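Dear colleague,

I am handing over the structure we spoke about, which you will find just below. After it I have set out what was found, going from single residues to strands and cores.

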Amino acid sequence: MSLKNLKGKNVFITGATGGIGKAIAFKLAEIGCNLFLTSSNEKELKKLKSSLSKYNVQIEFISANLKDIENVYKAINHIKKSSFKVEILINSAGVFPNLSLANSSDEIFLETINVNFRSIFLFTREFSKEMVENKWGRIVNIGSSSAYSGFQETSLYCASKHAVLGFSKSIHEELKEHNVRTYCISPSSTKSKMGLQTKGQDYSTFIDPEDIAEYVVFAISFNSNIVSNEIFLKRMLIK
């Protein structure tokens with residue numbers, strides 16, 4: 001393991017203004033990665049870029065609401081037309097509908113699948129092509145403990161994260177011969193805006209996003225013949 005393997009790499013991060021995405025952005029900027037950031041909140045993206053300006057790296061961003069397929073392609077096409085060549089993809093965007101089955105509307109179903117899975121599929125399909133050509137790439141899909149369980153009133157979220165886990169396993173097998181490694185990193189409840197929506201649990205026991213960022217960077221830093229492509233990050237204590 002060597003963080004030198006990542007210095008100077010170009011990283012695209014979705015959900016960059018969320019708790020996990022932001023922590024990953026800071027960690028990667030700290031070790032010298034160039035960043036292209038996206039989220040649905042342009043104001044927060046501008047603030048994040050300003051906060052990251054203390055690092056001597058390239059920082060770009062584009063706002064995009066990933067529930068809208070036109071916005072997804074807007075981000076893809078914008079990056080492809082730029083000089084920024086994605087070498088590491090961090091799919092961190094997500095929504096967390098906390099609804100009973102009876103109250104889960106068609107609209108919420110589509111929004112959940114579109115943000116939590118379709119965007120991952122599209123970004124991975126498009127940006128992995130150049131990774132394959134260059135014989136080097138890292139794809140990190142932020143999953144969830146919900147990829148391993150089912151919880152009441154979160155059926156849509158759980159289903160979308162099961163999809164992310166299965167997709168990650170499959171494309172790892174498909175792309176590994178090209179030295180493109182895929183990781184599904186699935187944390188338990190995290191201290192974030194999304195975590196605040198979790199019902200019936202003690203928020204003080206939730207995982208710090210900075211710890212998750214440390215795991216992400218550690219996992220992708222290996223160039224040798226070892227890979228932890230499926231990582232489930234549990235809490236020590238659950239209340």
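**Findings in the predicted model**

Ser119 is found in helix α4, and please keep in mind throughout that the model is a predicted one. With a relative accessibility of 2%, Ser119 counts as buried, because the cut-off for that label is under 20%. If residues up to four places away in sequence are not counted, Ser119 touches Leu66, Val72 and Asn114.

A residue with another kind of setting is Leu99, which sits in the loop between β4 and α4 (106-134). Its relative accessible area is 26%, so Leu99 is classed as partly exposed, a label that covers values between the 20% and 50% limits. Leu99 and Glu153 are 54 residues apart along the chain, yet their C-alpha atoms are separated by 4.6 Å. Leaving aside neighbours within four places in sequence, Leu99 is in contact with Glu153 and also with Ser104, Ile108 and Thr154.

Turning to the strands, β1 (residues 10-13) is covered on both faces, with Asn10 and Phe12 buried on one side and Val11 and Ile13 buried on the other. Strand β1 runs parallel to β2 (residues 34-39), to which it is joined by four bridges, and within that pairing Asn34 of β2 is the bridge partner of Asn10. Between these two strands the chain passes through helix α1 (residues 19-30), and the resulting β-α-β crossover is right-handed. Strand β1 is also joined to β4 (residues 88-91), again in parallel, by three bridges, and here Ile13 stands opposite Ile90 of β4.

Ile13 appears once more in the nonpolar interior, where the largest core has 36 residues. The residues with the most contacts inside that core are Ile13, Ile24, Leu28, Leu35, Leu37, Leu52 and Ile185. For Ile24, once its neighbours within four places in sequence are left aside, the contacts are with Ile13, Ile90, Ile142, Ala213 and Val216. Apart from this core lies another, of 28 residues, which includes Leu66, Ala75, Val164 and Ile171. Leu66 in that second core is also one of the residues that Ser119 touches, which brings the account back to helix α4, where Ser119 is found.

With best wishes

Terms used. Residues are numbered from 1 along each chain as its sequence is written. This is a predicted model: local features need pLDDT of at least 70, side-chain atom pairs count only at pLDDT 80 or more; totals for chains, interfaces and linings use all residues. Side-chain values use heavy atoms; hydrogens and water are left out. A nonpolar core is a set of buried Ala, Val, Leu, Ile, Met, Phe, Trp, Tyr and Cys residues joined through side-chain atoms within 4.5 Å. Buried means under 20% relative accessible area, exposed over 50%, partly exposed in between (1.4 Å probe, protein chains only). Contact means heavy atoms within 4.5 Å. Two strands pair if DSSP finds at least two bridges between them. A crossover is right-handed if, with the strands pointing away from the viewer, the path from the first strand over the helix to the second runs clockwise.
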